[in-house]
Amino acid sequence: GGLSVLHQGTLTVVSGAREVAVSSVPEVQALLALATKNRATGATQCNEHSSRSHSVFTLTVAGANEGLGQATRGVLSLVDLAGSERLALSGAAGDRKAETVHINRSLSALSDVISALAAKQGHVPFRNSKLTYLLQNSLKGDAKVLMFVNVAPAPTAAEQTLCSLRFATKVSTCHLGTAKRELSVI
């Protein structure tokens with residue numbers, strides 16, 4: 001089940017995903033609000049409004065300079081990862097437990113991809129999860145990645161916060177290369 005992901009060069013296609021043309025900031029904000037509304041959440045012992053899925057919002061921006069006969073295209077992927085939760089602490093059971101296992105597995109796969117990229121390994125395991133496969137073009141050498149980490153200030157969340165900060169440290173050591181501007185003739 002679920003969505004299938006296909007890469008066609010630098011273009012990523014997701015079955016069942018909607019592509020919506022927008023021409024203003026309010027239109028983008030409305031789509032982000034809709035995505036937030038549709039996001040799966042549920043209560044666990046760790047978090048009353050725990051994200052039970054990752055969210056990926058992709059904005060493709062295209063521009064043309066007809067005077068110079070050039071066109072360019074860029075992709076901005078906004079990714080909100082569901083936080084990992086220790087099963088023992090979350091008290092998850094049934095569907096929540098299965099969700100937690102899948103979330104943790106995909107975050108582990110993302111960590112493996114970041115490690116492989118940081119070590120400049122010949123093989124990067126993008127296909128180990130749908131999340132990493134979806135983000136493949138955003139994590140390659142001609143992309144820029146910026147990561148924000150949310151941490152909880154509560155003393156009871158210290159272990160989870162430390163895990164998040166360790167992951168952020170791993171990501172910060174990963175140099176993808178120099179972003180390139182792609183121009184085409186129109």
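## A residue in the loop before α5

Leaving aside its neighbours within four places in sequence, which residues is Q136 in contact with? In this predicted model, the partners of Q136 are H7 and F126.

Q136 itself sits in the loop that runs between α4 (130-134) and α5. Is Q136 buried or exposed? Its relative accessibility is 14%, so Q136 counts as buried; the cut-off for that label is under 20%.

## The nonpolar core

F126, one of the two contacts of Q136 just named, also turns up in the largest nonpolar core. That core has 14 residues. Those with the most contacts inside it are L110, V113, L117, V124, F126 and L139. Two or more residues of the core come from each of α3 (95-118) and α5 (158-172). The largest share, 5 residues, is given by α3.

Let's take a look at V124. Once its neighbours within four places in sequence are set aside, V124 is in contact with V113, A116 and L117. Two of these partners, V113 and L117, are also listed with V124 among the core residues with the most contacts.

## An unusual backbone angle at K120

K120 is worth a visit while you have the structure open. Where is K120 placed? You will find K120 in the loop between α3 and α4. Although K120 is not a glycine, its phi is positive, at about 55 degrees.

As for its surroundings, K120 has a relative accessible area of 61% and is therefore exposed, the cut-off being over 50%. Q136, by contrast, counts as buried.

Technical notes. Residues are numbered from 1 along each chain as its sequence is written. This is a predicted model: local features need pLDDT of at least 70, side-chain atom pairs count only at pLDDT 80 or more; totals for chains, interfaces and linings use all residues. Side-chain values use heavy atoms; hydrogens and water are left out. A nonpolar core is a set of buried Ala, Val, Leu, Ile, Met, Phe, Trp, Tyr and Cys residues joined through side-chain atoms within 4.5 Å. Buried means under 20% relative accessible area, exposed over 50%, partly exposed in between (1.4 Å probe, protein chains only). Helices (H or I, at least four residues) and strands (E, at least two) are DSSP runs, numbered from the N terminus. Contact means heavy atoms within 4.5 Å.
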